[in-house]
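Visitor: Got a few minutes to walk me through this one? I'd like to go from the overall picture down to single residues.

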Amino acid sequence: MHARLTELDWGHWGHEALELLRTLLRCDTTNPPGDEEKCAQSLAEFLRDGGVEPEVLVSAPGRANVVARVKGDGSLPPLLLAAHIDVVPAEPARWKHPPFAAEIHDGYLYGRGAIDMKNMAAMSAVVVRLLREIGGPLRRDVIFAAVADEEVGCHLGSRWLVDHHPDKVRAEYALGEIGGYSLYLNGRTLYPIQVAEKGVLWLKAKVEGTPGHGSMPRDDNPVTRLSEALAKIGRARLPAHVGEPVRRFVREMAANQPFPARHVLPLVLDERVGAFVIDKLLPDPSTRRVFHALLRNTVSPTVVRAGNKTNVIPATAEAELDGRIALGSSDSELLAELRAVAGPDVKFEVIDRQAPVSTSPDTELFALLSRVVADHDPGAVAIPFVIPGFTDARSWSRLGTRCYGFSPVRFDPRHDVKFADLYHGDDERIPVEGFQFGLRMLADAVFRFCAR
Ligand SMILES: [Zn+2]
């Protein structure tokens, strides 16, 4: 632990962080509509109380982002601590405890956003106050950003900040979503740290035909033809692309596993037998889906639109497709693979496009995070991690920022409560002790990286 942190009253700061997190969880920031302003104001107030002057930047009515900066001496470029404060919907009837009441039961704080990711917003706010109070002199500026709208594509949050206020958030490195949580696998403790995420290619697919009366079927009915194409697209398994970040993730994960996983896991990277290995040897369906998704471009049909009258054959049929670009592939390659499956009948139009994002784990900061993990949780190992989805890293990286997923929390190895089940799941909750453990880990990492 950094020398300046060893003397701190962690009971006090752990309590401050927990109470701040509870305040944030009580703000319903379900997106849509998001409505993050009140949550943003609570964070701003907490920072102000500690002498940090935040800016609340409103991107649209009710949609707010908080940015603050603790100045360093400028000898090194800034570090960004980033969290989104919007959350996905929660269905209260399916929860044991209400999703926006921030109740604590049996050592767990319940609430939508408890791990995704108001916990990081609360921890980062505390760390920024600590830097202000006892951190100086700093070698780098530390920037705090709590942003709106990640769950719906980042438009009014990180993307808006990068487009409209790039100088407020430009940093050499960012710590954010997803990673830094403990994962217990075959007797080993791992802390995945996200270094890369797949790209996005959202598309509209369109088929045109001749309108006509439903009483006289037509061969060129666009509904029939689009349906045929969608069935093929939805069931297709596109060719494997094994990007370097995925290779590294799988190898390091395997190296920290016992026999036989140690030998089996790397086989998923083999372009000829990988898919077979995933289907036959990986134990559970969600792990199989993740590995298939990481190793290839994917396209999921999600929205279908055609016709509005039972007895009229429409002139067009349309669908929206959620395409994701593999690390090591590109939007044009995905489109070519998709055209080969769908055939010439379907026209495609791009709705949204974002190249895959990746940061090498061979950096000073990743090495430091690995040491922090090992120091705080002896025997645990940090591994570079890749996700099929996207995070705000897609925006920060446009400014050249190297992004790592590090929002630390330690789950109790004796409980069967896993990050993967809680993320967007019912009864989202965070272990109170593990949250405060994460706070110390994050503070230590930031102090060691930024303070003298
Ligand atoms: Zn999230």
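**A quick tour**

Visitor: What share of the residues of the protein chain count as buried?
Guide: This is a predicted model, where local features need pLDDT of at least 70, side-chain atom pairs count only at pLDDT 80 or more, and totals for chains, interfaces and linings use all residues. Residues are numbered from 1 along each chain as its sequence is written. Buried means 20 or more other C-beta atoms, placed from the backbone, within 10 Å of a residue's own (exposed is 12 or fewer, partly exposed in between). Of the 452 residues of the protein chain, the buried share is 47%.

Visitor: How many helices and strands are there in the protein chain?
Guide: Both are DSSP runs numbered from the N terminus: helices are H or I with at least four residues, strands are E with at least two. On that basis the protein chain has 16 helices and 19 strands.

Visitor: Which strands are the edge strands of the sheet β4-β5-β19?
Guide: That sheet is open and its pairing is antiparallel; strands pair if DSSP finds at least two bridges between them. Two bridges join β4 to β5 (residues 108-110), and H105 has Y108 in β5 as its bridge partner. An edge strand pairs on one side only, and here those are β4 (104-105) and β19 (429-431).

Visitor: Which helix packs on that sheet?
Guide: Look for something touching β4, β5 and β19, with contact meaning C-beta atoms, placed from the backbone, within 7 Å. Its direction makes about 70° with that of β19, where angles run from 0 to 180 degrees between N-to-C directions and axes are lines fitted to C-alpha atoms, for helices over the stretch in contact. It's residues 432-450, helix α16.

Visitor: How are α4 and α16 oriented to each other?
Guide: Among the α4 residues at this interface are M123 and L130, and the α16 side includes F435 and L442. α4 (residues 118-135) packs against α16 at about 45°, with axes 9 Å apart. Under 35 degrees counts as roughly parallel, over 145 as roughly antiparallel, 65 to 115 as roughly perpendicular and the rest as oblique. So α4 and α16 are oblique.

Visitor: Is E252 buried or exposed?
Guide: E252 sits in helix α8 (residues 244-255). Leaving aside neighbours within four places in sequence, E252 is in contact with I383 and P384. With 18 other C-beta atoms within 10 Å, E252 is partly exposed.

Note on methods. Two residues are in contact if their C-beta atoms, placed from the backbone, lie within 7 Å.
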